Amino acid sequence: MLKEVLVVEGRADAARIRASHIEADMITTDGFSLRPDTLQKIQCAYEKRGIIILTDPDSAGERIRQYLAQRFPKAKHAFIPRQEAIANHDLGVEQASAASIVRALEKNRGTEMAVSETFTMQDIWDAGCNGTATAATRREALGALLGIGYGNAKQFLQRLNHYGVTRQEWQAALAQLGENNG
């Protein structure tokens, strides 16, 4: 049983998580509507047990995540890579395998209150994650390995510094991609 309460977008997401044999209390946002009573439930869970935000790896899911992260700054975040959340011509948590959901929850990350400046845009460039034809693919692969999800170069840098990624984790992820730089 997860200590924290999972915040997911819809009932299909919650059903998929339950079908994956993950014991967790969940709150569904029902998309971006975020009714006042839903926000009140999330606030209560946040204060009493903590929350893990697990939204779809699409633009709507990212908007929901950003809104909730601003409102609940100590929330943890779990990300399912896009390529692991596609099935039946649809993209979302409900399309992910049980193993993908478990991996995402195991790699959940909290937002650091004291933002580190461990990484710079130069690190992003040196790793080939900006300014190259394969930059988006590399950010997506590194984001999956580090458990911080996909983002453009600026978002990716922010997540590296806000989600407590260490230099050691960065080096290990680069090594997994067959790199020795960074």
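**Two domains and the pocket between them**

Good morning. According to the UniProt annotation, which comes from an unreviewed entry, residues 3–87 are covered by "domain: Toprim". Please keep in mind throughout that the structure before you is a predicted model. In this model, the span 3–87 is 41% helix and 16% strand, and the C-alpha atoms at its two ends are 30 Å apart.

Let me turn to the overall division of the chain. The domain assignment gives domain 1, residues 1–111, and domain 2, residues 115–181. Their C-alpha centres are separated by 23 Å. How many residues of domain 1 are in contact with domain 2? Twelve residues of domain 1 are, and they meet 14 residues of domain 2.

This brings me to the second largest pocket. Its space amounts to about 250 Å³. Twenty residues, 20 in the count, line this pocket, and those closest to its centre are Pro57, Asp58, Glu62, Tyr150 and Arg159. Three elements each contribute two or more residues to the lining: α3 (59–71), α6 (135–146) and α7 (153–162). Which of the elements gives the most? That is α6, with three residues. As for chemical character, the lining divides into seven nonpolar, six polar and seven charged residues.

Where does this pocket lie with respect to the two domains? Both domain 1 (1–111) and domain 2 (115–181) give residues to the lining, and therefore the second largest pocket lies between them.

I should now like to consider two individual residues, beginning with serine 20. Serine 20 sits in the loop that runs between α1 (11–19) and β2 (26–28). Is this residue buried or exposed? Serine 20 counts as buried, because its relative accessibility is 7%, and the cut-off for that class is under 20%. Leaving aside residues up to four places away in sequence, serine 20 touches Ala98 and Ile101.

The second residue is proline 81, which is placed in the loop between β4 (76–77) and β5 (86–87). Proline 81 has a relative accessibility of 14%, so it also counts as buried. Along the chain, proline 81 and valine 7 are 74 residues apart; in space, their C-alpha atoms are separated by 17 Å.

To close, I return to the main picture: a chain assigned to two domains, with the second largest pocket lying between them. Thank you for your attention.

How values were computed
Residues numbered from 1 in each chain as written. Predicted model: local features only at pLDDT ≥ 70, side-chain atom pairs only at ≥ 80, totals over all residues. Heavy atoms only, no water. 1 Å grid on protein atoms, 1.4 Å probe; cavity = no way out; pocket = protein on both sides within 12 Å on 5 of 7 lines; lining within 4 Å. Points joined across faces, edges and corners; volume = space filled by probe spheres on them. Helix = DSSP H or I, 4+ residues; strand = E, 2+ residues; numbered from the N terminus. Nonpolar A, V, L, I, M, F, W, Y, C, P; charged D, E, K, R; others polar. Domains from an automatic or database assignment. Buried < 20%, exposed > 50% of the residue type's maximum accessible area, 1.4 Å probe, protein only. Contact = heavy atoms within 4.5 Å. UniProt positions renumbered as here; feature names shortened; annotations may be inferred.
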